[in-house]
Amino acid sequence: MNPIFTPSLHSQRHQFVVDFVRKNKPNKVADLGCGECRLLKRLKFQRNIELLVGLDIDGAKVKKNMQGLAPLSTDYLQPTYDQLHIDLYQGSVTQRDARLRGFDLVTNIELIEHLTLPDLELFSSVVFGYMRPASVIVSTPNSEFNKLLPGLTGFRHSDHKFEWNRSEFRSWAFKVCLDYGYEAEFTGVGEATQEQQESVGFCSQIGVFQRLNVLPNRDEEEVFSYTLVYSVNYPTLRDNNTLLRVLVSEVLYWAEQMKNRWMEETTGGTNGVLPHSQTEQQEQSACTERLDCPGEGEESTESLWTKDLEESGTLSRFVVVPLAALWSFCPKISELSGNLSNLRRLLMDQPQVKLSQDGSALLLRCEEQEPEQTDGDEEEDEEDASAIQCSHQTEPEEDWEANI
């Protein structure tokens, strides 16, 4: 059967959540019944989210799809000051766990119809009474729309315990609001034709619940019912080790560029290495333009010089690159370090960096050259690159809704 919604119905539900997150900017978000982690994989790119949690009773399914939530290579190569921690749990939405209390948003996408009515009562108590997030999004099939779905007999999925019409869903929602201190608004995704929309509503009906007040914490024994199956911290510049790694990389790169430029201007040498990408060219241009046009009080490339130093009984020649020049000419270095004295302090104990005796300059060997890459090396690099690529495929849904 060809899909009757474009984008697909599950994509529209996920997009509804993404739009809500972009508008309201919650920091702590949990998805109950996360299954294949599709929604979480979209939410991890929302920069305002600092804690992202998924819960599902099917631990095997979570483990099968959790690697799609791992940091990308760009997250390590170009970390930002944003923070993101992801936890995935195996457990039931009818059980309490203190680790899911105090969230800004809890989503329940096509979940409640898989619960028996007694379990639905427990779900309401756990989510609205115990977790008490600031916002809750609940989506569930609208049975009034079923007559428009070709080939459907009975419920949309063999595991559904019920499918409500709009009146039944709102009746449940209003009772939840009355019992636990929330208010609700109703909408949906998956529109019918203009002539039928008013009579049947949306294919998936959605309730957005907002907490009315913050109740004082009750003295309850903390319960930990869920099993943690995956946990990851994304690299962030707020972590000192990550910041130092990035700062040292930037310092060594731009110091080498300044050295190469200076040697070309003073000796006509070709010791430098050309940038490999447009991004590197733009970044190098930003710094070298400053080198060519020093402003008032700035140092020029003439502030670089050579110095002979003895190492292990051997005399070696170094190019001296003042930290003041690096800090002034390269915006990213100044942004990462904050000020010149802090830059000196951060580099002082880094084994990759050789500083002058007074710590005011970086020392780079004159004779160091980047080795030229042979054709064989390029082939090996291509093989390595292809070897580390992986695809995260999800199994097609086996229920009727996979076709809508």
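## Close-up views of a predicted model

**View 1. Glutamate 250 and lysine 332 meet in a salt bridge.** In this predicted model, the closest N and O atoms of the two residues are 3.7 Å apart. Glutamate 250 belongs to helix α8 (residues 240–267) and lysine 332 to helix α11 (residues 331–337), so this pair ties together parts that are 82 residues apart in sequence. What is the relative accessible area of glutamate 250? The value is 14%, so glutamate 250 counts as buried. Lysine 332, with 33%, is partly exposed.

**View 2. Helix α8 also holds a salt bridge of its own, between glutamate 265 and arginine 261.** Here the closest N and O atoms are 3.1 Å apart. How far apart in the helix are these two residues? They sit four residues apart, which is about one turn of α8. Glutamate 265 is partly exposed at 44% relative accessible area, and arginine 261 is partly exposed too, at 22%.

**View 3. Aspartate 159 and lysine 161 join their side chains in another salt bridge.** The N to O distance is 3.1 Å. Both ends are partly exposed: aspartate 159 has a relative accessibility of 33%, and lysine 161 has a relative accessible area of 40%. Why do such pairs turn up at all? Side chains of opposite charge can pair when their charged atoms come close. Over the whole model, the count of salt bridges is eleven.

**View 4. Strands β9, β10 and β11 line up, in that order, as an open sheet.** The pairing in this three-stranded sheet is antiparallel. Which strands stand at the edges? They are β9 (305–311) and β11 (361–365); each has a single partner strand, so one side of each has no neighbour in the sheet. On average, neighbouring strands here are turned by 40° against each other, ignoring direction. Zoom in on β10 (residues 314–322) and you'll find five bridges joining it to β11. One residue to look for is valine 319, whose bridge partner in β11 is leucine 364. Helix α8, back again from the earlier views, lies across β9, β10 and β11 and runs at about 65° to β11.

**View 5. Eight strands make up another open sheet, this one with mixed pairing.** Reading across, the order is β6-β7-β5-β4-β1-β2-β3-β8. The edge strands are β6 (182–189) and β8 (227–233), each with a single partner, so one side of each is left without a neighbour in the sheet. Neighbouring strands in this sheet are turned by 15° against each other on average, direction ignored. How many bridges link β5 (residues 135–141) and β7 (residues 204–211)? There are seven, and the two strands pair in the antiparallel sense. Within this pair, serine 135 stands opposite glutamine 210 in β7. Helix α5 (residues 117–131) packs on the sheet, touching β1 (28–32), β4 (105–109), β5, β6 and β7. The direction of α5 makes about 175° with that of β1.

**View 6. Glutamate 110 and arginine 132 each have a positive phi, although neither is a glycine.** For glutamate 110, phi is about 50°. Where does glutamate 110 sit? Its place is in the loop between β4 and α5. Arginine 132 also has a phi of about 50°, and this residue is found in the loop between α5 and β5. Are they buried or exposed? Glutamate 110 is buried, with a relative accessible area of 11%, and arginine 132 is buried at 12% relative accessibility.

**View 7. A cis peptide bond joins threonine 6 and proline 7.** Omega for this bond is about -5°. Proline 7 is found in the segment before helix α1 (9–24).

**View 8. Zooming back out, the protein has 13 helices and eleven strands.** Of its 404 residues, 45% count as buried. Among contacts between residues at least 6 apart in sequence, 74% join residues at least 24 apart. The protein exposes about 22,000 Å², with carbon and sulfur atoms supplying 47% of that area. How confident was the predictor? The mean pLDDT is 84, and 80% of the residues reach 70 or more. Residues 270–286 have pLDDT below 50; this stretch has 22 contacts in the model beyond near neighbours in sequence. Residues 368–372 are also below 50, with five such contacts.

How values were computed. Residues numbered from 1 in each chain as written. Heavy atoms only, no water. Salt bridge = Lys/Arg side-chain N within 4 Å of Asp/Glu carboxyl O. Buried < 20%, exposed > 50% of the residue type's maximum accessible area, 1.4 Å probe, protein only. Contact = heavy atoms within 4.5 Å. Areas by Shrake-Rupley, 256 points an atom, 1.4 Å probe, with all protein chains shown as cover. pLDDT = per-residue confidence, 0-100. Pairing = 2+ DSSP bridges. Axes fitted to C-alpha atoms, helices over the stretch in contact; angles between N-to-C directions.
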